[in-house]
Amino acid sequence: MYRRNYGKRVVIAGFLLAIGVIVPYLFHTSTIPGTVFLPMHIPVLLGGFLLPPHLAFMLGALTPILNSLVSGMPPIFPMALIMTVELGFYGLITSLLYRKLKAPSILTLLISMLVGRIMAGVMVFLLAIFFSGDLAPAFLDPIAFISAGVVTGLPGIIIQLILIPILVYSIMRYTTIDLD
């Protein structure tokens, strides 16, 4: 029973990873700003609701790296590295809060977004320490980086807060995916 469910979860993770590459690619090729609508975040956050913590973390960490390798966006240094940490924590925290602690979906999303952004700020801080000469000024102040990201990505954040609970409810209600 465990192997069958684990195999199903790996397939779900692969499917969400594919969506996490295809949708941002469509955004980049159509000149829709990904920094505003955050298309990579939706499959990762959705994965947090559907996958165990370790798979949700891997989904989040792999999505920006694979995007960078496939499309060149985000640039591997520094954005893909920062987003690897941010999205990895999105997946991990979402899975822990929703699947393990049974927190409500909106609260789960808000906390996950907060923790992910804080971890992105930590990564910016570390990169600034080690690579200050190689970074643009926007990457030298973690607080300014996070603030700018939230302000720029506000439409995407609103979309996530509306769309993801609807998708999670629909998936749980109308499919055979179980959380156990």
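Which residue takes a positive phi just after α4? In this predicted model, the residue is Gly72, with a phi of about 80 degrees.

Helix α4 itself covers residues 53–71. The helix has 19 residues, and at 1.5 Å a residue these should span 27 Å. The C-alpha atoms at its two ends are 27 Å apart, so the expected and modelled spans agree. The helix also carries a kink. The bend is about 30 degrees and lies at Leu62. The proline Pro64 follows shortly after this point. Several residues of α4 are buried. Around the kink, these include Leu59, Gly60, Ala61, Thr63 and Pro64. Pro53, Leu55 and Ala56 are also among the buried residues of α4, as are Asn67 and Ser68.

Beyond α4, the backbone shows two cis peptide bonds. One runs from Met73 to Pro74, with omega near -5 degrees. Pro74 is found in the loop between α4 and α5. Another cis bond joins Phe77 and Pro78, and its omega is about 5 degrees. Pro78 lies within helix α5.

Helix α5 comprises residues 76–100, and helix α6 comprises residues 105–131. Their axes come within 8 Å and cross at roughly 150 degrees. Angles over 145 degrees count as roughly antiparallel. The two helices are therefore roughly antiparallel to each other. The crossing of α5 past α6 is right-handed. Sorted by class, the contact of α5 with α6 has 19 nonpolar residues, five polar residues and two charged residues.

Helix α6 also pairs with α3, which spans residues 41–50. Here the axes come within 11 Å, and the crossing angle is roughly 120 degrees. The helices α3 and α6 are therefore oblique to each other. The passage of α3 by α6 is right-handed.

Helix α3 is mostly covered, with 10 of its 10 residues buried. The buried residues begin with His41, Ile42, Pro43, Val44 and Leu45. Leu46, Gly47, Gly48, Phe49 and Leu50 are buried as well. Leu50 has its place in this helix. Its relative accessibility is 3%, and the cut-off for burial is under 20%. Leu50 therefore counts as buried. The C-alpha atom of Leu50 is separated by 9.7 Å from that of Gly91. Along the chain, these two residues are 41 residues apart.

Positive phi values also occur in residues other than glycine. Thr31 is one of them, with a phi of about 60 degrees. Thr31 lies in the loop between α1, residues 2–29, and α2, residues 34–37. Thr31 has a relative accessible area of 69% and is exposed. Leu38 is another, with a phi near 50 degrees. This residue sits in the loop between α2 and α3. At 8% relative accessibility, Leu38 counts as buried. Thus one loop residue with positive phi, Thr31, is exposed, whereas Leu38 is buried.

Note on methods:
Residues numbered from 1 in each chain as written. Predicted model: local features only at pLDDT ≥ 70, side-chain atom pairs only at ≥ 80, totals over all residues. Heavy atoms only, no water. Axes fitted to C-alpha atoms, helices over the stretch in contact; angles between N-to-C directions. Helix = DSSP H or I, 4+ residues; strand = E, 2+ residues; numbered from the N terminus. Parallel < 35°, antiparallel > 145°, perpendicular 65-115°, else oblique. Left-handed = near helix turned anticlockwise from the far one by under 90°. Nonpolar A, V, L, I, M, F, W, Y, C, P; charged D, E, K, R; others polar. Expected span 1.5 Å × (residues − 1). Bend = angle between axes of the 7 residues up to and from the residue. Buried < 20%, exposed > 50% of the residue type's maximum accessible area, 1.4 Å probe, protein only.
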